[in-house]
Amino acid sequence: MAIVVELDVQLARHNLSVGEFADAVGITPANIAVLKNGRAKAVRFTTLDAICRTLGCQPGDVLRWVPDEDTDDG
């Protein structure tokens, strides 16, 4: 299972820099980078709420689930 974070798409759509977005959400640009690069192990609901509130979007616009590829040869 993989969760893909699509913040880049939303930031581009809203013409926001990482710095502007981080200030609006209330977290550091470094933590935004961790989210954008898929290195985050968890996201607080309060952070997700702030992200969605800032971008005017739903959680599914930012997070997408992608199933693991089946590597079993049979």
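Start by selecting Gln-10. Setting aside its neighbours within four places in sequence, Gln-10 is in contact with Leu-55, Cys-57, Asp-61 and Val-62. Gln-10 sits in helix 1, which covers residues 7-13. Is Gln-10 buried or exposed? With a relative accessible area of 4%, Gln-10 is buried. Keep in mind throughout that this is a predicted model.

**The whole chain**

Zoom out and colour by secondary structure. The protein chain has five helices and two strands. Followed along the sequence, their order is β-α-α-α-α-α-β. The C-alpha atoms fill a box of roughly 50 × 20 × 20 Å along the principal axes.

Next, show the surface. About 5300 Å² of the protein chain is exposed, and carbon and sulfur atoms supply 51% of that area. Of the 74 residues in the chain, 22% are buried. Among contacts with a separation of 6 or more, 65% are made by residues 24 or more positions apart.

**Helix 4**

Select residues 45-55, which form helix 4. Which residues of helix 4 are buried? They are Thr-47, Leu-48, Ala-50, Ile-51, Cys-52 and Leu-55. To read their spacing, recall that an α-helix has 3.6 residues a turn, so residues three or four places apart point the same way.

Now show what surrounds this helix. The buried residues of helix 4 pack against helix 1, helix 2, helix 3, helix 5 (59-62) and strand 2 (63-66). Then step just past the end of helix 4 to Gly-56, which takes a positive phi of about 65 degrees.

**Thr-47 and Val-25**

Go back to helix 4 and pick Thr-47. Thr-47 counts as buried because its relative accessibility is 15%, and the cut-off is under 20%. Apart from residues up to four places away in sequence, Thr-47 touches Val-25 and Ile-27.

Follow that contact to Val-25, in helix 2 (residues 18-25). Val-25 is also buried, with a relative accessible area of 11%. What does Val-25 touch, not counting residues up to four places away in sequence? The residues are Thr-47, Ala-50, Ile-51 and Thr-54. Three of these names, Thr-47, Ala-50 and Ile-51, also appear among the buried residues of helix 4.

For a distance check, draw a line from the C-alpha of Val-25 to the C-alpha of Asp-49. The two residues are 24 apart in sequence and 9.0 Å apart in space.

**The cysteines**

Select the cysteine sulfurs. How many disulfides does the structure hold? It holds zero. Cys-52 is in no disulfide, and the nearest cysteine sulfur, that of Cys-57, is 4.2 Å away. Likewise, Cys-57 is in no disulfide, and its nearest cysteine sulfur is that of Cys-52, at 4.2 Å. The pair does not count as a disulfide because the sulfur atoms would have to be within 2.5 Å.

Both side chains are worth viewing with the surface on. Cys-52 counts as buried at 10% relative accessibility. Cys-57 is buried too, with a relative accessible area of 11%. Cys-57 is also one of the residues in contact with Gln-10, where the tour began.

**The largest pocket**

Rolling a probe the size of a water molecule over the atoms shows where empty space is left. Begin with the open space. The largest pocket has a volume of about 200 Å³. To find it, select Ile-3, Val-5, Ala-40, Val-43 and Leu-63, which lie nearest its centre among the 13 lining residues.

Strand 1 (2-5), helix 3 (29-36) and helix 4 each supply at least two residues of this lining. By class, the lining has 10 nonpolar, one polar and two charged residues.

**The cavity**

Finish with the enclosed space. A search of the whole structure finds one cavity of 30 Å³ or more. The largest cavity has a volume of about 40 Å³.

Which residues line the largest cavity? Select Val-5, Leu-7, Leu-35, Val-43, Leu-48, Ile-51, Val-62 and Leu-63. This lining is made up of eight nonpolar residues, with no polar and no charged ones.

Several of these residues have come up earlier. Val-5, Val-43 and Leu-63 are among those nearest the centre of the largest pocket. Leu-48 and Ile-51 are among the buried residues of helix 4, and Val-62 is one of the contacts of Gln-10.

Note on methods:
Residues numbered from 1 in each chain as written. Predicted model: local features only at pLDDT ≥ 70, side-chain atom pairs only at ≥ 80, totals over all residues. Heavy atoms only, no water. Helix = DSSP H or I, 4+ residues; strand = E, 2+ residues; numbered from the N terminus. Buried < 20%, exposed > 50% of the residue type's maximum accessible area, 1.4 Å probe, protein only. Contact = heavy atoms within 4.5 Å. 1 Å grid on protein atoms, 1.4 Å probe; cavity = no way out; pocket = protein on both sides within 12 Å on 5 of 7 lines; lining within 4 Å. Points joined across faces, edges and corners; volume = space filled by probe spheres on them. Nonpolar A, V, L, I, M, F, W, Y, C, P; charged D, E, K, R; others polar. Areas by Shrake-Rupley, 256 points an atom, 1.4 Å probe, with all protein chains shown as cover.
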